[in-house]
Amino acid sequence: MAFFLKDKWQEWAREWGLAHHPHKGWLYPTEAVVGERRGLLIRVGWGTQEKPGLVACIRFPRALDLERLRQSLMDDDTLDALPGKGSARRRMALESGVRKITLVGRPPEFTLGETSLVWRRVHSFSAPKAPQIASWVDALVVAIARATPVFDGRCESCGTGVVRRYVLVDDFPAMICASCQQRMRSEGDMAERTYDMIEVRYLAGATRGLAAALAGAGAWAMIGALTERMFAAAAIGIGALVAWAYRQGAGRVDRMGRVIAAGLTLVSVVAGEILLYAWWVAKAQPDVGFRLDAGAYVYAQTWAKSPGQEIMALFLGLVGAWVASKALQRPKLRSTIAEEVDPGSEEQRAA
Ligand SMILES: [Zn+2]
């Protein structure tokens, strides 16, 4: 998809006086434009791998009557200019105060929150051209500016502080005055400290993680016995299960916890292989029966004679271990507040 990753929005950014954020990395499109438009704040970019598509976020001062705003946007005929006649807006979802992390099923195309409208449109074939995107975003901005008050230079958090320029809060533009930024930073620090004070129960975490790893080994062996194959999905499932079990026991996650969960996942897959060999031995030689030492012996022999199968199992185990480690990332407790780049300049400086 490398062809996709050429920056294409500089011209648009210049015309509208927006800050242009070029692609970072080379796997997924991350180009974005951020700035003010008709008194509103916008960020247009690309969705994540899990939730792909063109994502336009339009932010406004906290709306007092969200239901009315939603109704006016649904009734606004000018939004027929959006792709598919903007008909998905009639199923506009309302976002509650808490940001939902996961949505089951297909995410809605329009999501209205107290301070933003997010429009996500998936294009099956090629990405739309910048002027086309700009015209859609403008239609949305005009419709919203008609339906709800725009920013008037005051802080959207306290309503009194004067804001000369928006800042980026977790990459999204927001009108936050200097003292509210200060307050948000110290609240973030406080949340971090509070989290760090939670005692980590390594033993409880490892015990539950081990139980999950044993259950995973049993499942791995059973799948192997039934299908005579191994599946990445099984290793990923074990990783997720072990991580979940560890977190239940440990209470807080840290680097050590990630190492423990990753190690247990790997152990689980190897134990699964040994169980599988023990089962095959028992099947081939009923007089020997189901013996773990026989399974371990065959496992070692396989490594010595034709290690391909076990290298594959180990590789899948590592994939599972990576999943477990990723699942135990420290939760994000504070927002990142950064100054925006000047429109036209390509370098972003983080505050
Ligand atoms: Zn403020």
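This passage describes strand pairing, aromatic contacts and one surface patch in a predicted model.

Strands of a sheet pair through backbone hydrogen bonds, either parallel or antiparallel. The description starts with the strands that follow one another through pairing from E2 to E6. Strands E2 and E3 run antiparallel and are joined by 5 bridges. Within this pairing, valine 34 has arginine 43 of E3 as its bridge partner. E2 and E3 form a hairpin with 2 residues between the strands, and in this hairpin arginine 38 takes a positive phi near 50 degrees.

Strand E3 covers residues 40-46, and 7 of its 7 residues are buried. The side chains of E3 fall into two groups by direction: Leu40, Ile42, Val44 and Trp46 point one way, while Leu41, Arg43 and Gly45 point the other way. Both groups are buried. Arg43 is thus listed among the buried residues of E3, and arginine 43 is also the bridge partner of valine 34.

E3 also pairs with strand E4 (residues 54-59), in the antiparallel sense and over 6 bridges. In this pairing tryptophan 46 stands opposite leucine 54 of E4. E4 in turn pairs with strand E7 (residues 116-121), again in the antiparallel sense, over 6 bridges. Here isoleucine 58 stands opposite leucine 117 in E7. Strand E7 is further joined to strand E6 (residues 110-112) by 3 bridges, and E6 and E7 run antiparallel. Threonine 111 stands opposite valine 118 in E7. The two strands E6 and E7 form a hairpin with 3 residues between them.

A further group of strands forms an open sheet of 3 strands in the order E9-E8-E10, with antiparallel pairing. Strand E9 (172-174) and strand E10 (337-339) are the edge strands, each pairing on one side only. On average, neighbouring strands of this sheet are turned by 40 degrees against each other, direction ignored. Strand E8 (residues 167-169) is joined to E9 by 3 bridges, the two running antiparallel. In this pairing valine 169 has phenylalanine 172 of E9 as its bridge partner.

Aromatic side chains were examined next. The count comes to 7 aromatic pairs. In one of these, the rings of tryptophan 12 and tryptophan 16 have their centres 5.5 Å apart and their planes at 85 degrees, so the pair is edge-to-face, the cut-off for that class being over 60 degrees. Both residues belong to helix H1 (residues 10-16), and because tryptophan 12 and tryptophan 16 are 4 residues apart in this helix, about one helical turn separates them. Tryptophan 12 has 3% relative accessibility and therefore counts as buried. Tryptophan 16, at 14% relative accessibility, also counts as buried, since the cut-off is under 20%. These two residues belong to one aromatic cluster formed by Trp9, Trp12, Trp16 and Trp46. Through Trp46, the cluster includes a residue of strand E3, the tryptophan that stands opposite leucine 54 in E4.

At the surface, Trp26, Leu27 and Tyr28 make a nonpolar patch of about 390 Å². Tyrosine 28 lies in the loop between strand E1 (19-21) and strand E2 (32-37). Its relative accessibility is 39%, so tyrosine 28 counts as partly exposed, a class that lies between the cut-offs of 20% and 50%.

How values were computed:
Residues are numbered from 1 along each chain as its sequence is written. This is a predicted model: local features need pLDDT of at least 70, side-chain atom pairs count only at pLDDT 80 or more; totals for chains, interfaces and linings use all residues. Side-chain values use heavy atoms; hydrogens and water are left out. Two strands pair if DSSP finds at least two bridges between them. Axes are lines fitted to C-alpha atoms, for helices over the stretch in contact, and angles run from 0 to 180 degrees between N-to-C directions. Patches are made of residues with over 30% relative accessible area and no salt bridge: like charges are joined within 9 Å, nonpolar side chains (Val, Leu, Ile, Met, Phe, Trp, Tyr) within 5 Å. Accessible areas come from the Shrake-Rupley method with a 1.4 Å probe; for residues, only the protein chains shown count as cover. A salt bridge is a side-chain nitrogen of Lys or Arg within 4 Å of a carboxyl oxygen of Asp or Glu. Buried means under 20% relative accessible area, exposed over 50%, partly exposed in between (1.4 Å probe, protein chains only). Rings of Phe, Tyr and Trp (its six-membered ring) pair if their centres lie within 6.5 Å; planes under 30 degrees apart count as stacked, over 60 as edge-to-face and the rest as tilted.
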